[in-house]
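Dear colleague,

I am handing over the structure below for your files. My notes on what was found in it follow.

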Amino acid sequence: MTTLILLRHGRSAANAGGVLAGRTPGVELDDTGQAQARKVVERLVGVPIAEIVCSPMLRCEQTVAPLAADRGLDPAGEPDLAEVDYGSWTGGELKKLAKEPLWKVVQAHPSAAVFPGGEGLAGMQARAVAAVRRHSARIADAHGPQAVWLACSHGDVIKALLADALATHLDNFQRIVVDPGSISVVHYTETRPFVARVNDLGGDVAGLIPPKPRRRRRAPARSSDAVVGGDTGS
């Protein structure tokens, strides 16, 4: 029931400076991030993207702007894909935050982590997963079950979405790496997701192009069954 391309925003000035930007307004892409955003257009050539959904943070809007312009698409803002509300940690230097007692909880038991004056990581995962499921169902209804769509969000949000898709507990999400400008891909079906790639920084994406139906009819929904013995790659 649709293929989701999860795009982390390109590198921002805060990323480069070792600062936890959070929901600080006006955080922009740096030169590297702008180059990563332009590269996305080349990386996704030939992949039919039905819609673009985007966190309302400026760095995400800047990341999808070149692709949206190339495809003639108007990105839809989605507050539930926004960055974690880090509360009083927002704007802090990561090297200083690493000395806080909560840091160890975030690393070892993130499902219990609640940022002072902000939100908990478990709550973030719940809102993000609900948003993806909602958009996936809507896009499947509007464009068919083979539709491919892209969502641009943030590192912890995408890691939480991938943890859900992998059916692993949120306490394991720190084991997942999602770099700035990276692409991860999840195929959603009726009963379970299939994680096709994680933290892709430039690989071939031809496999994301849905096959053309042999007859002129609505494309069938993707099967929820895994291939016994492993996928053939076709």
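Helix H3 (residues 58-71) buries Arg 59, Cys 60, Thr 63, Val 64, Leu 67 and Ala 68, where buried means under 20% relative accessible area, exposed over 50%, and partly exposed in between (1.4 Å probe, protein chains only). Helices (H or I, at least four residues) and strands (E, at least two) are DSSP runs, numbered from the N terminus.

This is a predicted model, in which local features need pLDDT of at least 70 and side-chain atom pairs count only at pLDDT 80 or more, while totals for chains, interfaces and linings use all residues. Residues are numbered from 1 along each chain as its sequence is written, and side-chain values use heavy atoms, with hydrogens and water left out.

The buried residues of H3 pack against E1, helix H2 (31-43), E2 and E4; contact means heavy atoms within 4.5 Å. The end C-alpha atoms of H3 are 20 Å apart, which agrees with the 20 Å that its 14 residues should span at 1.5 Å a residue (the expected span is 1.5 Å times one less than the number of residues). H3 also has a kink of about 40° at Ala 65, shortly before Pro 66; the bend at a residue is the angle between axes fitted to the seven residues ending there and the seven starting there. Gly 72, just after H3, takes a positive phi of about 70°.

The sheet is open and has six strands in the order E3-E2-E4-E1-E5-E6, with mixed pairing. Two strands pair if DSSP finds at least two bridges between them. The edge strands, each pairing on one side only, are E3 (76-77) and E6. E3 pairs with E2 in the parallel sense over two bridges, and Ala 76 in E3 is the bridge partner of Val 53. H6 packs on the sheet, where it touches E1, E2, E4, E5 and E6, and its direction makes about 155° with that of E2. Axes here are lines fitted to C-alpha atoms, for helices over the stretch in contact, and angles run from 0 to 180 degrees between N-to-C directions.

At the other edge, E5 and E6 (residues 193-200) pair in the antiparallel sense over five bridges. A hairpin of four residues joins E5 to E6, and Tyr 188 stands opposite Pro 193 in E6. Val 195 is also in E6 and counts as partly exposed because its relative accessibility is 27%. Leaving aside neighbours within four places in sequence, Val 195 is in contact with Leu 162, Ala 165, Leu 166, Val 185 and Val 186.

Helix H6 (residues 121-143) has 23 residues and reaches 32 Å from its first C-alpha to its last, close to the expected 33 Å. Its buried residues include Leu 121, Met 124, Arg 127, His 135 and Ile 139. Among the elements that cover the buried residues of H6 are helix H5 (101-108) and helix H7 (155-165). Gly 144, just after H6, takes a positive phi of about 100°.

The largest nonpolar core has 36 residues, and those with the most contacts inside it are Leu 6, Leu 81, Phe 115, Leu 121 and Leu 161. A nonpolar core is a set of buried Ala, Val, Leu, Ile, Met, Phe, Trp, Tyr and Cys residues joined through side-chain atoms within 4.5 Å. A second, separate core of 20 residues includes Ile 5, Ile 49, Ile 52 and Leu 67.

Regards
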